[in-house]
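Please work through the exercises below with the sequence and the model side by side. Each one sets a task and then solves it step by step.

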Amino acid sequence: MDRKKQLKEQFKSMKPAMGIMIIRSKVGNKCFLQPTQNLRGAINSTRFKLDAGIHPNRALQRDWHQYGADSFAIEVLAELEYDRDETKTDYTEELAILQMIWEERLLKEDMEFY
């Protein structure tokens with residue numbers, strides 16, 4: 001197998017990190033949670049949307065515009081491991097459960113959600 005073909009196959013078999021990302025406001029006690037099957041892609045996409053003023057969460061977008069990007073922290077809150085079953089590709093349910101767990105934890109810390 002030539003090198004180019006080998007790299008393509010390797011890329012196809014790579015599994016992106018999945019889990020819950022959080023955007024925390026440093027100004028208030030608010031946060032935004034997002035479950036995703038591609039953490040790095042979701043973080044990049046969310047930052048782009050917020051910087052461009054097109055994020056679907058209008059309250060978060062308003063605060064981002066008002067206080068600036070430096071007033072927020074975007075980070076991975078939790079990662080979800082892949083099952084050993086190689087055929088499984090949809091982790092929507094597991095991510096929703098993980099999000100509910102984190103929402104409960106953050107509510108106990110008196111966090112508000114966008």
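The exercises that follow treat the sheet, a charged pair, the nonpolar cores and a surface patch.

This is a predicted model, in which local features need pLDDT of at least 70 and side-chain atom pairs count only at pLDDT 80 or more, while totals for chains, interfaces and linings use all residues. Residues are numbered from 1 along each chain as its sequence is written, and side-chain values use heavy atoms, with hydrogens and water left out.

**Exercise 1. Work out the strand order of the sheet and describe how strand 1 is paired.**

Step 1. Helices (H or I, at least four residues) and strands (E, at least two) are taken as DSSP runs numbered from the N terminus, and two strands pair if DSSP finds at least two bridges between them.

Step 2. On that basis four strands make an open sheet in the order 3-1-2-4, with mixed pairing; strand 3 and strand 4 (112-113) are the edge strands, each pairing on one side only.

Step 3. Strand 1 runs antiparallel to strand 2, to which six bridges join it, and the two form a hairpin with four residues between them. Within this pair Ile 20 stands opposite Pro 35, and Ile 22 opposite Leu 33.

Step 4. Strand 1 also pairs with strand 3, again in the antiparallel sense, over eight bridges, and here Arg 24 has Ala 73 as its bridge partner.

Step 5. Seven of the eight residues of strand 1 are buried, where buried means under 20% relative accessible area, exposed over 50%, and partly exposed in between (1.4 Å probe, protein chains only).

**Exercise 2. Find the partner of Arg 24 in a salt bridge and state which parts the pair ties together.**

Step 1. A salt bridge requires a side-chain nitrogen of Lys or Arg within 4 Å of a carboxyl oxygen of Asp or Glu, and the structure holds one.

Step 2. The partner of Arg 24 is Glu 75, with the closest N and O atoms 3.3 Å apart. Because Arg 24 lies in strand 1 and Glu 75 in strand 3, the pair ties together parts that are 51 residues apart in sequence.

Step 3. Both ends are partly exposed, Arg 24 with a relative accessible area of 24% and Glu 75 with one of 34%.

**Exercise 3. Identify the elements that build the largest nonpolar core, and trace the contacts of Leu 106.**

Step 1. A nonpolar core is a set of buried Ala, Val, Leu, Ile, Met, Phe, Trp, Tyr and Cys residues joined through side-chain atoms within 4.5 Å.

Step 2. The largest such core has 14 residues, and those with the most contacts inside it include Ile 22, Leu 33, Trp 102 and Leu 106. Two or more residues each come from strand 1 (18-25), strand 2 (30-36), strand 3 (72-80) and helix 4 (92-108), and helix 4 gives the largest share, four residues.

Step 3. Apart from this core lies another, of twelve residues, among them Met 21, Ile 43, Trp 64 and Phe 72.

Step 4. Contact means heavy atoms within 4.5 Å; leaving aside neighbours within four places in sequence, Leu 106 is in contact with residues including Ile 22, Leu 33, Leu 77 and Phe 113.

**Exercise 4. Is Val 76 buried, partly exposed or exposed, and which residues does Val 76 touch?**

Step 1. Val 76 has its place in strand 3 and is partly exposed, with a relative accessible area of 38%.

Step 2. Not counting residues up to four places away in sequence, Val 76 touches Ile 20, Met 21, Leu 39 and Ile 43.
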